[in-house]
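Grab your viewer and a coffee. Below are some exercises to work through on the model, each with a worked solution.

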Amino acid sequence: MNDFQDQLAAAIKQAELPIERKWWHTATVYQVYPRSFCDLNGDGVGDIPGITSKLDYLKSLGIDVIWLSPIYKSPMDDNGYDISDYQDIAPEFGTLADFDRLVSEARNRGMGIVLDLVVNHTSDEHPWFLESRKGPGNPFRDFYIWRKPAPDGGPPNSLKSSFGGPAWTLDPLSGEYYLHLFSTRQPDLNWENPAVRAEIYKMMNWWLERGIAGFRMDVIDYIGKQVDREIVHDGPHLHDYLQEMNRRTFGNRDILTVGETWSATPGSALLYSGRNRHELSMVFQFEHVTQQWDEMFGKWRSKPFDLVKLKSVLGKWQYALSDDGWNSLFWGNHDLPRAVSKYGDATGYPAESAKMLATVLHLMKGTPFIYQGEEIGMTNVPFTTIEQYRDIETLNMHRLHIEAGLSPEEFIKGANENARDNARTPMQWSAAPYGGFSTGVPWIEVNPNYPTINAEREMTDEKSIWNHYRKLIALRKRHPVIVYGIYQSWLDSHPDVFVYSRTLDGERLVVVANFRAREVPVELPGELRMPGECLISNYEPVDRLDENLTLKPYEAFAVLARTL
């Protein structure tokens, strides 16, 4: 056999190996944004005791894992993603004792706590950076990335910050520039320095010993950067660092690790999570998000929704990781708009479209992630002025776009569609003042629709969005075909309808979803026409898939049948 045939045979043999079954394959993860989840002490900022007080709510929904956005000590320039002490809790959120109690109480209910690991950068108030600023002779100087000015005195090169403007800031104390790929107050760590990596691994083990269930790793594809070559993502040593991290920290523990990787492709995802890679459990990829952004203005000006493109992206990832690696499944998070506002119909068919989106996502192959409030159909915020926003990215981009000639009205329109604060308004628990989030004035305004969209109301309605999510989570635990079944898409070019099947051990699950606010006729392929059991529907149950169906606005259902 020649080399190509050898490689092909090896690839086929690898694909035929069964996926090693993990506890997080059947799990559902719920993301908590602590600042906006539940404020127990009335200061207007969510806190850890508030999260603990809602554990029974999450348990009744069926959640297995709670991912917390950063709770570490921080000056909050970027709402906690700028960390000044990795081994302490921000006072507004509580104490280490509060955190330990949260971990214990969650474990008592069969749930694990996953922490946000932010190790691409720190706060400029971190002791390491304060020492680093003292000059080239300081032992912490190389913990960060410093460069001399360009010959004209300007930045060393043309790298840009994700929050707008240059990625370099001149430090007058030492006359050199430091790198910050995000806020000026978030200097990037130098991962090429083994002392940096050793400190990070030591910190990770400290948290693991406290009993956490894993890490979500913020912009982890940045840590291999090589700035002199202007390489930001996927640097040549990225996977060396992750494999070393695996060996030195969580590799021998049965935990969940998820990497945030905006640059990931279906091919590179397997480098992180493929069989025998010894890196991460899975990654977050964002191709389904970015394909809807404008080429020039990015997320601040959306493209028209294109279901065919969305199906193509989601299907591509399902196929790419079908036999190796593992998919994360999500519509939203703390950086993204509300799912029902982005992909559904928040004004005409809010409940129907929210249930449809949940059905499509949760019945794919992968681990579903729910962002707080998604399970009750929370929507984007109808802000009218830039003063209502709190997010540093939005404020910076507003300034830059206005300077570039965009009208304030155009920017606010784009921000109301895609800005990060859409996901950060307080969780709507009840019709009480401030949505039951706090007895004090919240740090950011509550969405004014909280009297009609809130958890208390949703939990008492058997046909609510909340109960639809609860049923989907339970189905994943009962039906292996949902977890491990082979994915196949159908009617790929249909502009209005999403159809896919999952097949395992003589069972076939067929999922049909209408993405339009009108009735849509659809002709199913012959292979899908069959009687079966309707596992879930957002209208009346559909127990038989016939040749011709007429789907109601945002109708979605799943039918399970035997194929043998």
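## Exercise 1: a hairpin and its partners

W168 sits across from L179 of β8. Before going on, some housekeeping: the model is predicted, so local features need pLDDT of at least 70 and side-chain atom pairs count only at pLDDT 80 or more, while totals for chains, interfaces and linings use all residues. Residues are numbered from 1 along each chain as its sequence is written, and side-chain values use heavy atoms, with hydrogens and water left out.

Task: work out which strands pair with β8, and in which sense.

Step 1. Get the vocabulary straight. Helices (H or I, at least four residues) and strands (E, at least two) are DSSP runs numbered from the N terminus, and two strands pair if DSSP finds at least two bridges between them.

Step 2. Take β7 (residues 168-171): four bridges tie this strand to β8, and the two run antiparallel. Together they make a hairpin with four residues between the strands, and G175 in that turn has a positive phi of about 75°.

Step 3. Now try β6 (residues 146-147), which is antiparallel to β8 over two bridges. Here W146 has Y178 of β8 as its bridge partner.

Task: are the two faces of β8 (residues 176-179) covered or not?

Step 1. Recall the general rule: side chains of a regular strand alternate between the two faces of the sheet.

Step 2. Apply the cut-offs: buried is under 20% relative accessible area, exposed is over 50%, and partly exposed is in between (1.4 Å probe, protein chains only).

Step 3. E176 and Y178 on one side are buried, and so are Y177 and L179 on the other, so both faces are covered.

Step 4. Zoom in on E176, which counts as buried because its relative accessibility is 10%. Contact means heavy atoms within 4.5 Å; setting aside residues up to four places away in sequence, E176 touches R141, W146, R147, K148, T169, L170 and D171.

## Exercise 2: the open sheet and a helix on it

Task: find the strand order of the open sheet, then its edges.

Step 1. Eight strands line up as β11-β10-β9-β5-β2-β1-β15-β14, with parallel pairing.

Step 2. The edges are β11 (282-284) and β14 (328-329), each of which pairs on one side only.

Step 3. Check one pair: β9 (residues 214-217) and β10 (residues 256-260) run parallel, joined by four bridges. R216 has V258 in β10 as its bridge partner.

Step 4. Add helix α6 (residues 194-209), which packs on the sheet and touches β5 (112-117) and β9; the directions of α6 and β9 make an angle of about 135°. Axes here are lines fitted to C-alpha atoms, for helices over the stretch in contact, and angles run from 0 to 180 degrees between N-to-C directions.

## Exercise 3: how α6 meets α7

Task: classify the crossing of α6 and α7.

Step 1. The axes of α6 and α7 (residues 238-248) come within 10 Å and cross at roughly 40°.

Step 2. That makes the pair oblique, because angles under 35 degrees count as roughly parallel, over 145 as roughly antiparallel, 65 to 115 as roughly perpendicular and the rest as oblique.

Step 3. The crossing is right-handed, meaning that the near helix is turned clockwise from the far one by less than a right angle (anticlockwise would be left-handed).

Step 4. On the α6 side the contact uses R197, A198, Y201, M204 and N205; α7 supplies Y241, E244, M245 and R248.

Step 5. Sort these by class: five nonpolar, one polar and three charged. Ala, Val, Leu, Ile, Met, Phe, Trp, Tyr, Cys and Pro count as nonpolar, Asp, Glu, Lys and Arg as charged, and the others, Gly among them, as polar.

Step 6. What covers the buried residues of α7? The cover includes β5, α6, β9 and α8 (266-273).

## Exercise 4: two positive phi values

Task: are N79 and H278 buried or exposed?

Step 1. N79 isn't a glycine, yet has a positive phi of about 50°; look for it in the loop between β3 (72-73) and β4 (85-89). N79 counts as buried, at 12% relative accessibility.

Step 2. H278, also not a glycine, has a positive phi of about 60° and lies in the loop between α8 and β11. With a relative accessible area of 55%, H278 is exposed.
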